[in-house]
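Thanks for coming. I'll take a few minutes on one model, so please have the sequence and the coordinates open.

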Amino acid sequence: MTGQPNSPAEQRRAASRRYSIWVGIAFAILIGIATVNTLRSSEGGLLGADRAEAGAPLPEFAVPELLHGEDKDANVFQDDCETSTNPCPSDQQRTPACEVEGANVIAVCDLLDRPLVLSFWFSTPAECPPTQDAIDEAAARYRGRVNFLSVAVRGDRDELRQIVEDRGWTIPVGWDRDGAVSNLYRVGVCPTVAFVLPGGVLREAKIGSGELEPAKLDADIERLIADARRRALEDR
């Protein structure tokens, strides 16, 4: 007959087993959440989880400005016509992302004249949008030296607009309506922040709200600026 553990040792072993079970469940849930946005990506793991991605060229994209842009999907077509022959056949030609023109459109290429901090966020969970407060505050501190772009991934546009207006952000905020940009960049964690050198070379990427503590964020930005200066001197 099985009863409750009586001795202190038996009670500790039982508690340990329960703890292990709950940790396993929590970890499985976390991994499931983190991979939601990568299921349609052929590139593998999450941006920010692999240091080997440093030095990679930044994929090009253009997104509608969240507050005032059109209700359209992002443009993620690259210049190299990767999905067809080069030059593209006439029936497959399309406007590359960085050649998109129009009011209230944000093309990442227009922001690569300086170091760039590129941050992705989601409307849920509720703890996610406030992480962008740190990005907005850093943009004020580094105005004129570093470009900043915040990209809202999917979500209800009216809700996203309300978040931006309520929190008083002044940085540019784009809308990745169908998640094409987040899939291209392998974004699966809020926040995901890319630190990009002028010209569009990824220096590093970080994931998780702990990376947006002001001291850590400023240190990452200062390293980005220093590397940009070093590269500019080497290119002379």
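Leaving aside its neighbours within four places in sequence, which residues is Ser150 in contact with? Beyond those four places, the contacts of Ser150 are Ser119, Trp121, Gln132, Ile171, Pro172, Val173 and Gly174. Before I go on with that residue, a word on what we are looking at.

This is a predicted model. The mean pLDDT of the protein chain is 81, with 72% of its residues at 70 or more. Among the elements, strand β5, residues 173-176, has the highest mean pLDDT, 98. Helix α1, residues 8-35, has the lowest, at 37. Over residues 7-43 pLDDT stays under 50, and for that stretch the model has 24 contacts beyond four places in sequence. Where pLDDT is low, the predicted coordinates should not be read in detail. I will say nothing further about that stretch.

Back to Ser150. Ser150 sits in strand β4. Its relative accessible area is 0%, so it counts as buried. The Ser150 side chain makes a polar contact, at 2.8 Å, with the side chain of Trp121.

Trp121 belongs to β3, so that strand comes next. How many of the residues of β3 are buried? The count is 6 of the 6, so β3 is largely enclosed by the rest of the structure. Taking the two faces in turn, Leu116, Leu118 and Phe120 lie on one side, while Val117, Ser119 and Trp121 lie on the other, and all are buried.

Now the pairing. β3 and β4 run parallel and are joined by 6 bridges. Leu116 stands opposite Asn147 in β4. From β3 the chain passes through α2 to reach β4, and this β-α-β crossover is right-handed. β3 is also joined to β6, here by 5 bridges, with the two strands antiparallel. In β6, the residue opposite Leu116 is Val196.

The helix in that crossover is α2, residues 132-141. Why can we call this helix largely enclosed by the rest of the structure? Because 7 of its 10 residues are buried. Those are Gln132, Asp133, Ala134, Ile135, Asp136, Ala138 and Ala139. Gln132 was also among the contacts of Ser150. The cover over the buried residues of α2 includes β3, β4 and β6, along with the helices α3 (157-167) and α5 (214-234).

Last topic, charged side chains. The whole structure holds 14 salt bridges. Glu70 and Lys72 form one of them, with 3.5 Å from N to O. Lys72 has 45% relative accessibility, so it counts as partly exposed.

Which residues are linked in a network of salt bridges? The members are Arg203, Glu204, Lys206, Glu211, Asp220, Arg223, Asp227, Arg230 and Glu234. Two of the links involve Glu204. With Arg203, the N to O distance is 2.8 Å; with Lys206, the distance is 3.9 Å. At 13% relative accessibility, Glu204 falls under the 20% limit and so counts as buried. Lys206 is buried as well.

To recap: β3 is paired with β4 in parallel and with β6 antiparallel. The crossover from β3 to β4 goes through α2, and Ser150 in β4 makes its side-chain polar contact with Trp121. That is what I had for today.

Conventions
Residues are numbered from 1 along each chain as its sequence is written. This is a predicted model: local features need pLDDT of at least 70, side-chain atom pairs count only at pLDDT 80 or more; totals for chains, interfaces and linings use all residues. Side-chain values use heavy atoms; hydrogens and water are left out. pLDDT is the predictor's confidence in each residue, from 0 to 100. Helices (H or I, at least four residues) and strands (E, at least two) are DSSP runs, numbered from the N terminus. Contact means heavy atoms within 4.5 Å. Buried means under 20% relative accessible area, exposed over 50%, partly exposed in between (1.4 Å probe, protein chains only). A salt bridge is a side-chain nitrogen of Lys or Arg within 4 Å of a carboxyl oxygen of Asp or Glu. A polar contact is a pair of N or O atoms within 3.5 Å; within protein, one must be able to donate a hydrogen and the other to accept it, and residues adjacent in sequence count only if both atoms are side-chain atoms. Two strands pair if DSSP finds at least two bridges between them. A crossover is right-handed if, with the strands pointing away from the viewer, the path from the first strand over the helix to the second runs clockwise.
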